[in-house]
Amino acid sequence: MIITSEMENIETFSTFSAKQKKKIALIAKKTKYKKGKKVYLSKYRAGRLFVVVKGKVDLRLFDPTDEVGISFGIMRSGDLFGAASLLKPQEYTVTALCKKDSEFLVMESNDLIDLMEKDKDLGFKLMKKVAQVYFDRYERSKKQMQAMVKTMSLIAVPDV
């Protein structure tokens, strides 16, 4: 369990009331990962939601035989990741790789879902945050794809 004062400066929890933060603190645990450690792997069962307290995590899609992957975002202090744990089929869609020594607040998805069902306002606020996370990731990916297509069209041989 963590104390609610640890949540005060974390943007993810900024819209939650003191009472809601206390409820979350009862189910959250703090954990640390070293640089280079994989927090979770793509295609594995998603059972936890993470909030970065400090550090840096790269959300990547790796080819199983390669160390190179496509980055879907760098998570820093205050950022939430692992939201697939709250959505069916509860499977992580990317690999989370620590780029620095990192510290997280971790919540088991079953505990969090139970809490969200009991406190609908808390659930709404959290799912609104999750929706924003996915929308931001979509917008970043869309811009990256547009840039790639633009670059490819510049080097393509013209149709004669």
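Is Y44 buried or exposed? Select Y44 and find out: at 52% relative accessibility, Y44 counts as exposed, just past the 50% cut-off. You'll find this tyrosine in the loop between β2 and β3. Now show what surrounds Y44. Skipping its neighbours within four places in sequence, Y44 is in contact with Q90, E91 and Y92. Try a distance label between C-alpha atoms here: Y44 and Q90 are 46 residues apart along the chain, and their C-alpha atoms are separated by 8.6 Å.

**Zoom out and colour by confidence**

Keep in mind that you're looking at a predicted model. The average pLDDT is 88, and 89% of the residues score at least 70. Among the elements, α2 has the highest mean pLDDT, at 97, while strand β5 (residues 69-75) has the lowest, at 82. Where pLDDT is low, the predicted coordinates should not be read in detail.

Switch to cartoon. There are three helices and eight strands, and along the sequence they come as α-β-β-β-β-β-β-β-β-α-α. Of the 160 residues, 40% count as buried. Among contacts between residues at least 6 apart in sequence, 76% join residues at least 24 apart.

**Select the sheet**

Pick out β1, β8, β3 and β6. In that order, these four strands form an open sheet with antiparallel pairing. The edges are β1 (28-33) and β6 (80-81), each with a single partner strand, so one side of each has no neighbour in the sheet.

Now narrow the selection to β8, residues 102-108. How many of the residues of β8 are buried? Six of its seven, so to speak of β8 as mostly covered is fair. On one side, β8 runs antiparallel to β1, joined by six bridges. With β3 (residues 48-54), β8 also pairs in the antiparallel sense, again over six bridges.

L105 is a handy place to stop. Show its bridge partners: K30 is one of them, and V51 stands opposite L105 as well. Then slide along to E103 in β8, which has K54 standing opposite.

**Add the helices**

Bring in α1 (residues 18-27). This helix lies across β1 and β8, running at about 55 degrees to β1. Which residues of α1 are buried? They are Q20, K21, I24, A25 and I27. Look down the axis of α1 and you'll see these buried residues fall within an arc of 165 degrees, so they line one face of the helix. Turn to the face that points away from the buried side, and you meet the exposed residues A18, K19, K22 and L26. As background, an α-helix has 3.6 residues a turn, so residues three or four places apart point the same way.

Next, add α2 (residues 109-118). This one lies across β3 and β8, running at about 60 degrees to β8.

**Finish with the aromatic rings**

Hide the cartoon and show the Phe, Tyr and Trp side chains. The count comes to nine aromatic pairs. Start with Y40 and F50: their ring centres are 5.8 Å apart and the planes sit at 40 degrees, so the pair is tilted. Y40 belongs to strand β2 (residues 38-40) and F50 to strand β3, so the pair ties together parts 10 residues apart in sequence. Y40 is buried, with a relative accessible area of 8%, and F50 is buried too, with a relative accessible area of 1%.

Stay on F50 and add F104. Their rings form an edge-to-face pair, 5.9 Å centre to centre with 80 degrees between the planes. This pair links distant parts of the chain, since F50 is in strand β3 and F104 in strand β8, 54 residues apart. F104 is buried, with a relative accessible area of 0%.

For the last selection, take Y33, Y40, F50, F81, Y92 and F104 together: ring pairs link these residues into a cluster. You've already met Y92 as one of the contacts of Y44, which brings the tour back to the loop between β2 and β3.

Technical notes. Residues are numbered from 1 along each chain as its sequence is written. Side-chain values use heavy atoms; hydrogens and water are left out. Two strands pair if DSSP finds at least two bridges between them. Helices (H or I, at least four residues) and strands (E, at least two) are DSSP runs, numbered from the N terminus. Contact means heavy atoms within 4.5 Å. Axes are lines fitted to C-alpha atoms, for helices over the stretch in contact, and angles run from 0 to 180 degrees between N-to-C directions. pLDDT is the predictor's confidence in each residue, from 0 to 100. Rings of Phe, Tyr and Trp (its six-membered ring) pair if their centres lie within 6.5 Å; planes under 30 degrees apart count as stacked, over 60 as edge-to-face and the rest as tilted. Buried means under 20% relative accessible area, exposed over 50%, partly exposed in between (1.4 Å probe, protein chains only). The arc is that of the directions from the helix axis to the C-beta atoms.
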